[in-house]
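The exercises below are to be worked with the sequence and the coordinates open. Each task is followed by a stepwise solution.

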Amino acid sequence: MPPKRDLNKVGTEQSDFPILCETCLGENPYVRMSKQEYGKECKICVRPFTVFRWNPGSGARFKKTEICTTCAKIKNVCQTCLLDLEYGLPTQVRDAALGRINTAPTSDINKQFYTQVMEQQMANTSSGMMADTHDAQLASSAAKEMLKEMARKDPHYKRNRPHICSFFLKGDCKRGNECPFRHEIPAENGLEKQNLQDRYYGRNDPVAKKILRDNAESKGLTPPEDKSVTTLIFLTLPVCGEPDVRSSLMSACPFIQAKQIKTITTVAASHCAFVIFQDRATAERVADSLTAQGGIEVLGKRGKVVWGRPRPAKKAITASATATAVSA
Ligand SMILES: [Zn+2]
Ligand SMILES: [Zn+2]
Ligand SMILES: [Zn+2]
């Protein structure tokens with residue numbers, strides 16, 4: 001059965017046209033779409049929404065919208081791939097760079113209510129600005145520069161290819177060249193472990209983590225091999241005290257809790273601060289996020305972030321001393 005192309009009907013829901021990124025839309029700007037009102041439940045707010053389906057180009061798989069337009073607007077993401085519309089990046093990367101924390105509810109009932117409230121707010125703002133992106137306007141220019149650097153500049157049409165053939169992976173696809181799916185071994189890049197809710201809310205997203213890590217490493221901020229190092233050093237700070245550094249850090253990285261910071265020591269003479277975290281994972285997350293923000297801003301001045309050095313290894317000395325003792 002050919003898809004129903006009933007685009008003239010007035011949308012009873014909010015969408016007459018989907019909110020899509022260039023990549024998901026495909027190369028042809030006049031792509032024909034089928035539209036199904038209340039076709040599926042939105043994968044975020046679970047309300048029925050208008051589902052669009054289209055073919056983004058020859059050799060591509062059919063794509064469809066996965067979340068409703070309201071949820072897409074709240075996070076400023078594509079309704080299909082859930083990547084940020086401006087930078088083409090996962091929300092976790094964008095929010096780390098903008099020092100933003102997610103406050104959206106998680107239970108289904110709350111989510112529906114929240115989405116309705118947001119919808120009303122958006123209807124009331126004549127500018128049409130997205131509710132959750134107000135603070136993006138206030139983000140530091142350094143963070144925006146960094147986002148531009150990390151952003152995917154061109155449409156990435158490879159993403160529209162058919163999925164990999166599951167029979168091929170098991171070694172017994174009998175369809176050969178007729179097979180509509182891809183016959184290739186998937187790259188182990190963590191993408192297959194992604195989950196839609198996590199990607200939307202920007203948490204535990206392996207792809208985001210990799211982008212942030214790659215960015216930090218390209219800025220020379222490779223975490224030390226010695227996993228016992230949990231210290232970050234902030235350099236070129238203005239004259240400031242421990243409370244200034246602490247409040248700057250807490251507002252730049254709202255995902256950490258006060259108790260995750262073990263100590264902060266400022267050294268006025270050398271304009272730096274030593275920040276020791278409770279655990280390595282926190283230190284790494286802070287390092288990645290601060291690099292994406294272009295450093296740490298304390299009292300209006302932007303400081304540089306570097307990793308602390310490992311302590312001189314006592315164990316190694318003891319071990320070699322023992323070895324000497326044994327050989328002697
Ligand atoms: Zn929704
Ligand atoms: Zn997209
Ligand atoms: Zn196959």
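**Exercise 1. Describe the span 159–186 and the metal site.**

Solution.

Step 1. In this predicted model, the end C-alpha atoms of residues 159–186 lie 13 Å apart. The span is 18% helix and 0% strand.

Step 2. An unreviewed UniProt entry annotates residues 159–186 as "zinc finger region: C3H1-type".

Step 3. List the protein donors of the zinc ion (ligand 3): Cys165 (SG), Cys173 (SG), Cys179 (SG) and His183 (NE2), at 2.1 to 2.3 Å from the ion. Their spacing in sequence is C-x7-C-x5-C-x3-H.

Step 4. Assign the geometry. The 4 donor atoms subtend angles of 99 to 115° around the zinc ion (ligand 3), so the arrangement is tetrahedral. For reference, the ideal angle for four tetrahedral donors is 109.5 degrees.

Step 5. Check one donor for burial. Cysteine 165 has 0% relative accessibility and therefore counts as buried; the cut-off is under 20%.

**Exercise 2. Determine how β4, β5 and β6 are paired.**

Solution.

Step 1. Take strand β4 (residues 231–235) and strand β6 (residues 272–277): they pair in the antiparallel sense over 4 bridges. In this pairing leucine 232 stands opposite valine 275.

Step 2. Take strand β5 (residues 261–267) and β6: they run antiparallel and are joined by 6 bridges. Here isoleucine 264 stands opposite valine 275.

Step 3. Inspect the connection. β5 and β6 form a hairpin with 4 residues between them. Histidine 271, in the turn, has a positive phi of about 50°.

**Exercise 3. Which residues of helix α9 (residues 242–252) are buried, and what do they pack against?**

Solution.

Step 1. The buried residues are Val245, Ser248, Leu249 and Ala252.

Step 2. These residues lie on the same side of α9, because they cover an arc of only 95° around the axis. An α-helix has 3.6 residues a turn, so residues three or four places apart point the same way.

Step 3. Pro243 and Ser251 are exposed on the other side of α9.

Step 4. The packing partners of the buried residues are β4, β5, β6, α10 (280–292) and β7 (296–298).

**Exercise 4. Give the strand order of the sheet that contains β1, and identify its edge strands.**

Solution.

Step 1. The order is β1-β2-β3 in an open sheet of 3 strands, with antiparallel pairing.

Step 2. β1 (33–41) and β3 (63–64) each pair on one side only, and are the edge strands.

Step 3. Between β1 and strand β2 (residues 48–54) there are 6 bridges in the antiparallel sense. Lysine 35 stands opposite phenylalanine 52 in β2.

Terms used
Residues numbered from 1 in each chain as written. Chains lettered and ligands numbered in written order. Predicted model: local features only at pLDDT ≥ 70, side-chain atom pairs only at ≥ 80, totals over all residues. Heavy atoms only, no water. Pairing = 2+ DSSP bridges. Helix = DSSP H or I, 4+ residues; strand = E, 2+ residues; numbered from the N terminus. UniProt positions renumbered as here; feature names shortened; annotations may be inferred. Donors = N, O, S within 2.8 Å, 3.2 Å for Na, K, Ca; no water. Tetrahedral: all angles 85-135°; square planar, octahedral: opposite > 155°, others 65-115°. Buried < 20%, exposed > 50% of the residue type's maximum accessible area, 1.4 Å probe, protein only. Arc of directions from axis to C-beta. Contact = heavy atoms within 4.5 Å.
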